Amino acid sequence: MGTLSYQQARRTYDRIGSLQDSQRFYEDRATALVLLHGDFGSAESVFEFGCGTGRFARRLLEKYLSDTAHYRGVDISPTMVQLAQDRLSSYATRADVILTEGEPPTGEPAGSCDRFVSNYVFDLLSHEDIRTVLREAHRMLRPGGLLCLAGLTSGTGFTSRIVASVIGWVQPKCPALVGGCRPVDLLPLLPESQWQLQHHLKVVAFGLPSEVVVAKRC
Ligand SMILES: C[S@@+](CC[C@H](N)C(=O)[O-])C[C@H]1O[C@@H](n2cnc3c(N)ncnc32)[C@H](O)[C@@H]1O
């Protein structure tokens with residue numbers, strides 16, 4: 001068995017719902033780096049692929065984005081979309097959250113954003129979908145815009161290597177047990193002709209390794 005189908009991903013994340021926020025115990029260290037290096041203060045239009053409960057978006061809107069910046073999030077799970085819409089309701093004039101069928105964002109206009117964010121989503125997509133989403137991110141970003149990613153990755157030390165290996169072993173056998181996620185290394189998926197790497201970091205929290213990538217669209 002490979003990665004979750006779109007239907008399975010929807011069912012899985014509808015079931016997980018607000019419990020997704022409990023993953024902050026290891027995700028926050030990596031997403032803090034995305035916030036640090038994503039230069040969100042100068043952003044005008046942020047797009048997030050797989051926004052979950054809207055927790056990252058809320059932090060962006062509260063503390064990082066200017067009053068005129070716009071946020072748009074998409075997610076495959078109706079439960080997540082509802083949670084995110086509720087969470088962002090006080091920003092309704094400049095934040096919208098849309099339900100999708102899981103497909104890469106081919107319908108979004110070219111040059112429509114200057115930040116393309118995706119946290120802990122690529123690690124549950126097929127390699128083919130990761131490549132397509134990256135192609136779309138490149139199309140959607142204005143020249144000089146930033147791709148900002150965080151996700152589960154291969155380990156960096158003894159413990160995190162073992163933890164990553166166990167997740168990688170469990171995922172094909174029982175993907176729902178690990179939310180469909182497995183460790184992914186993003187750098188080989190970012191052609192130098194399209195992306196200029198600005199920051200690449202690996203951090204470990206509670207044994208779980210995460211990768212952070214901030215890359216400028218060439
Ligand atoms: C592990 S959660 C991460 C949520 C959020 N980004 C965060 O960091 O808390 C993965 C999210 O991606 C969404 N998702 C999974 N596959 C998707 C797809 N093909 N298109 C859009 N969203 C997807 C899930 O519904 C879920 O909200």
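**Exercise 1. Is cysteine 218 buried, partly exposed or exposed?**

Start with the ground rules. The model is predicted: local features need pLDDT of at least 70, side-chain atom pairs count only at pLDDT 80 or more, and totals for chains, interfaces and linings use all residues. Residues are numbered from 1 along each chain as its sequence is written, and side-chain values use heavy atoms, without hydrogens and water.

Step 1. Take the cut-offs: buried is under 20% relative accessible area, exposed is over 50%, and partly exposed lies in between (1.4 Å probe, protein chains only).
Step 2. Cysteine 218 has 42% relative accessibility, so it counts as partly exposed.
Step 3. Try cysteine 113. Its relative accessible area is 1%, so this residue is buried.

**Exercise 2. Find how many disulfides the structure holds**.

Step 1. Recall the chemistry: a disulfide is a covalent bond between the sulfur atoms of two cysteines.
Step 2. Apply the test: the two cysteine sulfur atoms must lie within 2.5 Å.
Step 3. The count is zero.
Step 4. Check cysteine 113. The nearest cysteine sulfur belongs to cysteine 148, 9.8 Å away, and cysteine 113 is in no disulfide.
Step 5. Check cysteine 218. Here too the nearest cysteine sulfur is that of cysteine 148, at 15 Å, and cysteine 218 is in no disulfide.

**Exercise 3. Describe how strands β2 and β3 are joined**.

Step 1. Strands are DSSP runs of E, at least two residues long; helices are runs of H or I, at least four long; both are numbered from the N terminus.
Step 2. Two strands pair if DSSP finds at least two bridges between them. Strand β2 (residues 70-75) and strand β3 (residues 95-99) have five bridges, in the parallel sense.
Step 3. From β2 the chain passes through helix α4 (residues 78-87) to β3, in a right-handed β-α-β crossover. Right-handed means that, with the strands pointing away from the viewer, the path from the first strand over the helix to the second runs clockwise.
Step 4. Pick out one facing pair: aspartate 75 stands opposite leucine 99 in β3.

**Exercise 4. Locate phenylalanine 206 and classify its exposure**.

Step 1. Phenylalanine 206 sits in the loop between β6 (195-205) and β7 (208-217).
Step 2. Its relative accessible area is 67%, so phenylalanine 206 is exposed.
Step 3. Compare its position with serine 90. The two residues are 116 apart in sequence and 34 Å apart in space, C-alpha to C-alpha.
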